[in-house]
Amino acid sequence: MCNDHGGAYWTYEHRMVLAEKIGRPLNINEDTHHIDGNPTNNHPDNLELMALGHHQSFHTKQKVQKGIQGFRADVPVEEDK
Ligand SMILES: [Zn+2]
C-alpha cells in the first residue's frame, strides 16, 4: 500500500475489494454500490461498480420508492378514476 497519495478515498475497503474483483483500480468517477444495502458487507458478490452520479440518483430514487410504499402501506389504495 502506498499512503503518500494521502486520500482516505482509496483506503475504503469496499473500493479495494471491488478493484480486485474487476481487476483494475476504480476511477475517480466510479463508486461502489452495496447490492444488499449493507455498507459493512464488503463481500465481492455484494459490490457493484456504479458511475458516481448514477449511484447517487439510484439511492435517491430508492428512498423515494420506499417513501411511496410506506405511504401506501398506511393508506388504503384507491384506484377510482
Ligand atoms: Zn449504493
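Below are a few exercises on this predicted model, each with a worked solution.

Ground rules: residues count from 1 along each chain, following the sequence as written. Since we're dealing with a prediction, local features need pLDDT of at least 70 and side-chain atom pairs count only at pLDDT 80 or more, while totals for chains, interfaces and linings use all residues.

**Exercise 1.** Work out in which order the elements of the protein chain run from the N terminus.

*Solution.*
1. Get the terms straight: helices (H or I, at least four residues) and strands (E, at least two) are DSSP runs, numbered from the N terminus.
2. Tally them up: the protein chain has two helices and two strands.
3. Read along from the N terminus and you get α-β-β-α.

**Exercise 2.** Place threonine 40 and decide whether it is buried or exposed.

*Solution.*
1. Threonine 40 sits in the loop between β1 (30-34) and β2 (47-51).
2. The cut-offs go by other C-beta atoms within 10 Å, placed from the backbone: 20 or more is buried, 12 or fewer is exposed, and in between is partly exposed.
3. Threonine 40 has 8 such atoms within 10 Å, so it's exposed.
4. For a spatial partner, try glutamate 13: it is 27 residues away along the chain, with a C-alpha separation of 9.4 Å.

**Exercise 3.** Do the same for asparagine 27: buried or exposed?

*Solution.*
1. Asparagine 27 belongs to the loop between α1 (13-22) and β1.
2. Asparagine 27 is exposed because it has 10 C-beta neighbours inside 10 Å.
3. Alanine 51 is 24 residues away in sequence, and its C-alpha lies 9.2 Å from that of asparagine 27.
4. Zooming out, buried residues make up 6% of the 81 residues in the chain.

**Exercise 4.** Find where confidence is lowest and highest among the elements.

*Solution.*
1. The yardstick is pLDDT, the predictor's confidence in each residue, from 0 to 100.
2. The chain mean is 80, and 70% of residues reach 70 or more.
3. Helix α2 (residues 52-74) is lowest, with a mean of 80, and β2 is highest, at 96.
4. Over residues 1-10, pLDDT stays under 50.
5. Where pLDDT is low, don't read the predicted coordinates in detail.

Technical notes
Two residues are in contact if their C-beta atoms, placed from the backbone, lie within 7 Å.
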